[in-house]
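Biologist: I would like to learn how to read a protein model, one feature at a time. Could you walk me through this one?

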Number of protein chains: 2
Amino acid sequence: MALIVEKFGGSSLADVQKLRNAAAIVASDYTKENSVVVVVSAQGDTTDNLLELCGAFGRHVPERERDALLATGEQVSAALMAMALCELEVPAVSLCGWQAGVHTDGNHGAARIEDVDTARIRAELAAGRVVVAAGFQGLSAAGDITTIGRGGSDTTAVALAAALGADVCRIYTDVDGVYSADPRIVPSAVRHYEIDYDEMLELATLGAQVLHNRSVEMAKRFGVQLEVRNSFKNSAGTRVREVSMEKRTVSGTAQDRNVALCSLERSGDKPDGMYRLLSLLAQHKIHVDTLLWTPASAGGRCTLTFSVPRMAVDRTAELVAQHASELGFEGLRINDRVCKISVVGAGMVSGCGVAAQMLEALYQAGVEVLCVTTSEIKISVIVPEQDGQRALSAVHDTFF
Amino acid sequence: MALIVEKFGGSSLADVQKLRNAAAIVASDYTKENSVVVVVSAQGDTTDNLLELCGAFGRHVPERERDALLATGEQVSAALMAMALCELEVPAVSLCGWQAGVHTDGNHGAARIEDVDTARIRAELAAGRVVVAAGFQGLSAAGDITTIGRGGSDTTAVALAAALGADVCRIYTDVDGVYSADPRIVPSAVRHYEIDYDEMLELATLGAQVLHNRSVEMAKRFGVQLEVRNSFKNSAGTRVREVSMEKRTVSGTAQDRNVALCSLERSGDKPDGMYRLLSLLAQHKIHVDTLLWTPASAGGRCTLTFSVPRMAVDRTAELVAQHASELGFEGLRINDRVCKISVVGAGMVSGCGVAAQMLEALYQAGVEVLCVTTSEIKISVIVPEQDGQRALSAVHDTFF
C-alpha cells in the first residue's frame, strides 16, 4: 500500500478526452490499492485567457484580485477531474488550495508555501477517496486566495508529497521525460532515464520547462522521489534521484526566451550603486539572473550589464529612472530580442573545456555571443533571439 | 451614511463594457459616502457553459463537484468587478462565498443559507473598501463549496442585506423593473413603481424572472427593502414595500415554460398512493406544483394530474416506474409541450370574477386550457406551449 502524488499539467487536461485519459491513469494506480492524491493545473490556455481578461482593467490590476481570478482555472480542472474519476467509479473529491490546507505567505502572484495542514486530505484518503487538489494556489493568513507563481502546480505536488510522506511524486506532462535538450526544438535530443536533483535543478532553472525549479528544490530538500512521465504514453519516463554514481560532464542544454538584457553606465561617484540597484530590484520582486560588472577601461566608464525576465522590463526601466541620481547610473539600454542558451552538468566542474567547446560550436554556427556567465555546473550565453534555435542545436549536438 | 447592497445579474456583467458600466454605478454610490456591498452573478452564459462541461462526464455527475465547478463563475465575476472598481480608484476586495461568511447546509445544488458570519465583510467595509461578494455560493459545515440553486445570487444579496442590516438591497438587471407581464413578450405591459412582498412573491414564483422567489421570501421575513433597477438606464425601477395601502385586484401576469404535465391512473386499491407518490418526489427534491385529483366517474378510474419542472421529467418517470406496484398507479403520460400562464393579485380574494374574466379571454383567443388551479391570490392555467405567448397577451390585455 503506497501513497502516490500525481500531477497533471494543463496540456494533459486540455479537453474532455485528455481529462479522461489522465483519469484512467489515476484509476489504474488507485485500483492497485494505492492511495492517490492528484494535483492539477488549469486546462490548456486557461491561465493565459484569464490573464488576458485582467488586461482589460489596466496595467495596475490588484494582485490579490488577479490571484482570485487565476485560481478558478485549477478549481475547474480539479472538479472536472473528480467528475472524470467518478465516471470511472473511482470515488474522488476535489479540493481547492484553501481546502487542501496549503498555507502560504501573502505575497500575491508569487506566494511561498509555508506549511500544509494535511488533516482534510488524510481524512478523505482514509475514507477511500482519491483527492484531487487544485495546484498553483493556497490560502494566506489573512484568509485570501494566493497563487504561487506560474508552473507552480509542480511545487504544489511536491509540497503535498513532502507533507504526506508520499512514496513517489509523478509529474505527468506531454513529453517522455527529461532530455538533453527540448526535443521539440532539437530533434537529436536524448532522454535521461535518471538524473540527479542538482542537474535537474539547473535544467529546470534554465528553462527546460519540464519541471518547475522550485519543485525540484523542494523535492531535494525533503527527499521526495520525483518521476517525470508522459501522460499519453506508457513509458518509464525520467527518475530524479538523490545522486548519480557518476556525473555526466554535460547532462543537458536549454533555451530560455524570457530574458532581456539591460545595461547601465556609471554616472556619479556612488560606489554603492550596484548594491543599491540590486536591492531595489529585489524589493520589487524582479529577479536578476546574469550580472556582469565591467570595470572602467582607461578613460572609459564602468558598465553594469544584467538580465531580467522580459515582463519585468518596464518596471525595471521605471525604477531605474526614479532612482537614477541616488544610484549613480545612467543611459539604460534594453535589448529584449535575446535568449539564453545554457549547458548544464553536475560533473562540469571536473570536466575541463566545456566552455571552450560550447563557444567553438557557437562560433562555427556563426552565432554572436552577447554575454557569458558560468557557475560550477552550468555555462550560459546570451545570444540574439533569432539565432536561438540554431545556437541550441549547435551546442546540443557538440555534446550529444 | 447608508449601507447599500447591490446585486448585478449575469446580463449586467456579460462583457468588459458592461462590467465597467456596473462598476460606475457602484462607484457613484460609494462616493456619496455610503458603504457598498456588491453581489455578482456569473457573467452571461457562464453557468450554462459550465453545466455543459459537466454533461461530458455522464448523467450522474457528483453534485458536490458540480458545485465546485459552478462556483467559479461567480468567483470570476467578483474578481473582475473588484478590478473594474480599482480601475475607477474605488478600493475594492472580492470575496468568495466561503470568505464572505455565507454558511449553508450541505444540500449541494440547492443549499439553504443557514447564517451569515459578517465579520470579514464588516472589517473590509470599516477599512473603507467596497466588498464584492460572489453570489449563489456558500460553505457547508463539512467545509465544501455549495451552490444555492439557480438565480440564487438574488438570495445571496438579500441574505447579506439582512445580516448586515442594510438600508436597501438593489437588484440591478436588464429590465426597468417589475411589470404587469414580461415586456419582452407582452409589449403592452405596464411597470409597477411599487409592489408589495406578497404580490412580488407570487409573480416571482410564477416565472416573472425579475427576482428569485426565495429572495423575496427572505426580504419579507427580514424586512429588507428591495429595489429592482435597470443597470443600463438611470430610472427609478420598482420598489418592493411592506404593504400597499390599496391592493390592486390583478398586479401581474406571468408565463412559465419550465413545466411538464404528468398524469397517472389508479391501478390498485392503494388509498395512500397519492401521499406516497408526493413523498417520494419530495425525497428526490422534485417540486410538484399544480396537483389535481379527479375522482372516478361511474365505472371510470381515478386520475392524478400534476406538474413538475421539465428537467425533472426523466427522474419522475424512473421513480414512478420503480415504485409502480406499491403506489398503485399506472399509465404515466407526460406532456412537456405545455406552459403555465398565471394572473396574480393580492386583492384578488376580494375581487370577484377574475377567473371568469381570464378564462373568457383565453376562450376568445382560441387557447385550449388543459388544467386550472387557483390560490387566494393567483389563478394559473396550463396551456399548450405553442399558444403560450398568445395566451399571455390575451390574459394581460384583459386586465391592463
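**Reading strands, helices and contacts**

Modeller: Gladly! Let's begin with one pair of residues: Ser94(A) has Val132(A) as its bridge partner in E6(A). Please keep in mind that this is a predicted model.

Biologist: Which strand does E6(A) pair with through that bridge, and in what sense?

Modeller: Strand E3 of chain A, residues 92-95, pairs with E6(A) over four bridges, in the parallel sense. Strand E2 of chain A, residues 35-40, also pairs with E6(A) in the parallel sense over four bridges. There, Val39(A) has Ala133(A) as its bridge partner in E6(A).

Biologist: Is strand E6 of chain A buried or exposed?

Modeller: The idea is to count neighbours: a residue is called buried when 20 or more other C-beta atoms lie within 10 Å of its own. In strand E6 of chain A, residues 130-134, five of the five residues are buried, so the strand is largely enclosed by the rest of the structure. Look at its two faces: Val130(A), Val132(A) and Ala134(A) are buried on one side, and Val131(A) and Ala133(A) are buried on the other.

Biologist: Now the backbone angles, please. Which sign of phi should I expect?

Modeller: Most residues other than glycine have a negative phi. Now look at Glu89(A), where phi is positive, near 65°. Glu89(A) sits in the loop between H3 and E3 of chain A. Lys285(A) also has a positive phi, near 60°, and lies in the loop between helix H8 (273-283) and strand E17 (291-294) of chain A.

Biologist: Are Glu89(A) and Lys285(A) buried or exposed?

Modeller: For "exposed", the cut-off is 12 or fewer C-beta neighbours. Glu89(A) counts as exposed because it has 8 inside 10 Å, and Lys285(A) counts as exposed because it has 11.

Biologist: Let's turn to chain B. What is the order of the strands in the open sheet there?

Modeller: To read a sheet, follow the strands from one edge to the other. Here the order is E15-E20-E22-E21 of chain B, with antiparallel pairing. E15 (252-256) and E21 (371-374) of chain B are at the edges with a single partner strand each, so one side of each has no neighbour in the sheet. On average, neighbouring strands of this sheet are turned by 15° against each other, direction ignored.

Biologist: How many bridges join E20 and E22 of chain B?

Modeller: Seven bridges join strand E20 (residues 338-344) to strand E22 (residues 378-384) of chain B, and the two run antiparallel. In this pairing, Lys340(B) stands opposite Ile382(B) in E22(B). Helix H11 of chain B, residues 354-364, packs on the sheet and touches E20, E21 and E22 of chain B. Another helix, H12(B), lies across E15, E20 and E22 of chain B, at about 10° to E20(B).

Biologist: Which residues does Leu392(B) contact, beyond its neighbours within four places in sequence?

Modeller: Leu392(B) belongs to helix H12 of chain B, residues 388-399. Its contacts beyond those neighbours are Ala181(B), Ile185(B), Val186(B), Thr253(B), Gln255(B) and Ile341(B). Thr253(B) is 139 residues away along the chain, yet its C-alpha atom and that of Leu392(B) are separated by 7.2 Å. Leu392(B) is buried because 25 other C-beta atoms lie within 10 Å.

Biologist: Last one: how many residues does each chain bring to the contact between A and B?

Modeller: Chain A and chain B bring 25 residues each. On the side of chain A that touches chain B, H3(A) gives the most, with 13 residues. By class, this side has 16 nonpolar, six polar and three charged residues.

Conventions. Residues are numbered from 1 along each chain as its sequence is written. Chains are lettered from A and ligands numbered from 1 in the order in which they are written. This is a predicted model: local features need pLDDT of at least 70, side-chain atom pairs count only at pLDDT 80 or more; totals for chains, interfaces and linings use all residues. Two residues are in contact if their C-beta atoms, placed from the backbone, lie within 7 Å. Ala, Val, Leu, Ile, Met, Phe, Trp, Tyr, Cys and Pro count as nonpolar, Asp, Glu, Lys and Arg as charged, and the others, Gly among them, as polar. Two strands pair if DSSP finds at least two bridges between them. Axes are lines fitted to C-alpha atoms, for helices over the stretch in contact, and angles run from 0 to 180 degrees between N-to-C directions.
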